[in-house]
Amino acid sequence: LKCCHFELCRINEDQKVALDLDPYVKKLLNARRRVVLVNNILQNAQERLRRLNHSVAKETVRRKAMLESGGYPQGSPSK
């Protein structure tokens with residue numbers, strides 16, 4: 001994005017009407033920061049969901065095996 005800022009400034013200098021591009025660059029950088037933040041949040045949520053799904057699958061296999069063997073281990077409440 002910094003190199004784009006340089007290019008924009010160069011183009012701006014070539015034009016007759018001078019524009020102050022700094023506010024636009026700041027908005028773009030701020031938007032980029034927010035997108036990165038949301039991306040990190042989504043990645044963390046996806047990883048937690050993946051782990052939860054794995055735990056549920058493990059528990060399902062364990063319970064299925066218990067039902068097929070016809071009993072529950074001692075000390076374990078029946079659910």
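Select valine 56 to begin: at 47% relative accessibility it counts as partly exposed, where buried means under 20% relative accessible area, exposed over 50%, and partly exposed in between, with a 1.4 Å probe and protein chains only. Valine 56 is found in helix 2, which runs over residues 22-69; helices (H or I, at least four residues) and strands (E, at least two) are DSSP runs, numbered from the N terminus.

Before going further, keep in mind that this is a predicted model, in which local features need pLDDT of at least 70 and side-chain atom pairs count only at pLDDT 80 or more, while totals for chains, interfaces and linings use all residues. Residues are numbered from 1 along each chain as its sequence is written, and side-chain values use heavy atoms, with hydrogens and water left out.

Next, add Leu49 and Leu52 to the selection: together with Val56 they make a nonpolar surface patch of about 300 Å². Patches are made of residues with over 30% relative accessible area and no salt bridge, like charges being joined within 9 Å and nonpolar side chains (Val, Leu, Ile, Met, Phe, Trp, Tyr) within 5 Å; accessible areas come from the Shrake-Rupley method with a 1.4 Å probe, and for residues only the protein chains shown count as cover.

Now turn to the charged side chains. The structure holds four salt bridges, a salt bridge being a side-chain nitrogen of Lys or Arg within 4 Å of a carboxyl oxygen of Asp or Glu.

Select glutamate 59 and arginine 62, whose side chains meet in a salt bridge at 2.5 Å, N to O. Both residues lie in helix 2, three residues apart, about one turn of the helix. Glutamate 59 is partly exposed, with a relative accessible area of 27%, and arginine 62 is also in the partly exposed class, at 39%.

Elsewhere, salt bridges that share partners join Glu47, Arg50 and Arg51 into one network. Centre the view on glutamate 47, which is partly exposed at 31% relative accessibility. Its salt bridge with arginine 50 has the closest N and O atoms 2.6 Å apart, and these two residues of helix 2 are three residues apart, about one turn of the helix. In the salt bridge between arginine 51 and glutamate 47, the closest N and O atoms are 3.7 Å apart, and here the partners, again in helix 2, are four residues apart, about one turn of the helix. Arginine 50 is partly exposed, with a relative accessible area of 49%, and arginine 51 is partly exposed as well, with 44%.

Move then to leucine 21, found in the loop between helix 1 (2-14) and helix 2. Is leucine 21 buried or exposed? At 15% relative accessibility, leucine 21 counts as buried. Leaving aside its neighbours within four places in sequence, leucine 21 is in contact (heavy atoms within 4.5 Å) with Leu8, Cys9 and Asn12. Measure from leucine 21 to leucine 8, C-alpha to C-alpha, and the distance is 7.6 Å, although the two are 13 residues apart in sequence.

Finally, select residues 28-62, which an unreviewed UniProt entry annotates as "coiled-coil region". The span is 100% helix and 0% strand, and its end C-alpha atoms lie 51 Å apart.

Zooming out to the whole chain, there are two helices and zero strands. Of its 79 residues, 5% count as buried, and the accessible surface comes to about 7,400 Å², of which 60% belongs to carbon and sulfur atoms.

Methods:
UniProt positions renumbered as here; feature names shortened; annotations may be inferred.
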